[in-house]
Amino acid sequence: MKFSDLIGELTEMWLLWMKHNSIVRDETLSVEQRKNSAKECERLINREYEITEQLDNFFKNEQG
């Protein structure tokens, strides 16, 4: 995957995480909705870690 694609995906994921985090914090919504959004936040964070690792590899490969 290209560096720019990873940055694009990371940005998109950040926006999705903010949306779901707002749902998690909205006490007017059902527990089920909030729980589902919390699970999605966790999935997005895990994907963020994967993308960050791939981005780190770009820099490691350029230095080595």
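In the predicted model, Phe-59 is partly exposed, with a relative accessible area of 47%. This value lies between the limits of 20% and 50%, and the residue is therefore classed as neither buried nor exposed. Phe-59 is located in helix H2, which spans residues 31-63. Together with Phe-3 and Ile-7, Phe-59 forms a nonpolar patch of about 260 Å² on the surface.

Two members of this patch, Phe-3 and Ile-7, also recur in the surroundings of Leu-55. When neighbours within four places in sequence are set aside, the contacts of Leu-55 are Phe-3, Leu-6, Ile-7 and Leu-10. Leu-55 is itself part of the largest nonpolar core, a set of 5 residues that also includes Leu-6, Met-13, Leu-44 and Ile-51. Helix H1 (3-25) and helix H2 are the elements that each supply two or more residues to this core. Helix H2 provides the largest share, with 3 residues.

A further position in helix H2 is Ser-37. In contrast to the partly exposed Phe-59, Ser-37 is buried, with a relative accessible area of 5%. The assignment follows because this value falls under the 20% limit that defines a buried residue. Apart from neighbours within four places in sequence, Ser-37 is in contact with His-20, Ile-23 and Val-24. Helix H2 thus holds both the buried Ser-37 and the partly exposed Phe-59.

Note on methods: Residues numbered from 1 in each chain as written. Predicted model: local features only at pLDDT ≥ 70, side-chain atom pairs only at ≥ 80, totals over all residues. Heavy atoms only, no water. Patch = residues over 30% accessible without salt bridge, like charges linked within 9 Å, V, L, I, M, F, W, Y side chains within 5 Å. Areas by Shrake-Rupley, 256 points an atom, 1.4 Å probe, with all protein chains shown as cover. Salt bridge = Lys/Arg side-chain N within 4 Å of Asp/Glu carboxyl O. Helix = DSSP H or I, 4+ residues; strand = E, 2+ residues; numbered from the N terminus. Buried < 20%, exposed > 50% of the residue type's maximum accessible area, 1.4 Å probe, protein only. Core = buried A, V, L, I, M, F, W, Y, C linked by side-chain atoms within 4.5 Å. Contact = heavy atoms within 4.5 Å.
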